[in-house]
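Welcome! Here are some short exercises to work through with the model in view. Try each one yourself before reading its solution.

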Amino acid sequence: MEALRKSLLIFAIVTVIIQNKAMAAQHVVGGSQGWDESTDFNSWASGETFKIGDTLVFRYNPGLHSVVEVEGESAYKSCDTSSSVNSMSAGNDVVKLNKPGTRYFACGTAGHCDQGMKLKITTVTGNAPSNQAATSSNPSSSSSADSRRFSTAFFTFIAAIFTLHMALVFQL
């Protein structure tokens, strides 16, 4: 009986970890167009909900663009990238959203920010879905949300099978 209790505890812990990982969303900035001058980042961001634990992924052509996180709204509005909090130039840069609040990003290439290549996002806490677009008619967002739900269910099922197996092994 003690082995069964331990197995159930392990199952509960594994399930919580899996569900927390599955709930975090990965936001590819700009969607399929990525971090590019032709993307309307205000429009893109308005269809997203950014939560603590989510990540932003900036995909772009290195050498042509970069990502600079600027210090505040004033630097964002004036495209002043000299007050950077962080600079990235790899072309597939990941930013973890680890606290609530507003963050500002701009392209560090001269003139690109002035042409609209900048992003303002607000990270929130709470239990709302990470990607509001998943409930809209956007098929790729819906597909991504369905994939996350399937992954969560699948890994929870595997954890349950593993737990039952361990309970049987310890009882023998």
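Of the chain's 172 residues, 37% count as buried, where buried means under 20% relative accessible area, exposed over 50% and partly exposed in between, with a 1.4 Å probe and protein chains only. This is a predicted model, in which local features need pLDDT of at least 70 and side-chain atom pairs count only at pLDDT 80 or more, while totals for chains, interfaces and linings use all residues. Residues are numbered from 1 along each chain as its sequence is written, and side-chain values use heavy atoms, leaving out hydrogens and water.

**Exercise 1. Find the helices and strands, and give their order along the chain.**

Solution. Start with the count: the chain has 4 helices and 8 strands. Both are DSSP runs numbered from the N terminus, helices being H or I with at least four residues and strands E with at least two. Next, read along the sequence, and the pattern is α-β-α-β-β-β-α-β-β-β-β-α.

**Exercise 2. Work out the strand order of the open sheet of 5 strands.**

Solution. Two strands pair if DSSP finds at least two bridges between them.

- Begin at S4 (residues 67-70), which is antiparallel to S5 and joined to that strand by 4 bridges; here Val70 stands opposite Ser84.
- Then look from S4 to S7 (residues 101-106): 3 bridges join these antiparallel strands, and Val68 has Ala106 as its bridge partner.
- Move on from S7 to S8 (residues 118-124), again antiparallel, with 6 bridges; Phe105 is partnered there by Leu119.
- Put together, the order is S2-S8-S7-S4-S5, with mixed pairing. At the edges are S2 (50-51) and S5 (84-88), each pairing on one side only.

**Exercise 3. Locate the disulfide and describe its link.**

Solution. A disulfide is a covalent bond between the sulfur atoms of two cysteines; the cut-off used here is sulfur atoms within 2.5 Å. The structure holds 1 disulfide. Cys79 and Cys113 form this link, with sulfur atoms 2.1 Å apart. Cys79 lies in the loop between helix H3 (73-78) and S5, and Cys113 in the loop between S7 and S8, so the pair, 34 residues apart, links distant parts of the chain. Now check the twist: -75 degrees about the S-S bond makes the link of Cys79 and Cys113 left-handed. Both cysteines, Cys79 and Cys113, are buried.

**Exercise 4. Why does Cys107 form no bond with the closest cysteine sulfur?**

Solution. The closest cysteine sulfur belongs to Cys113, and because 8.2 Å separates it from the sulfur of Cys107, the two are too far apart for a bond. As for its surroundings, Cys107 has 1% relative accessibility and so counts as buried.
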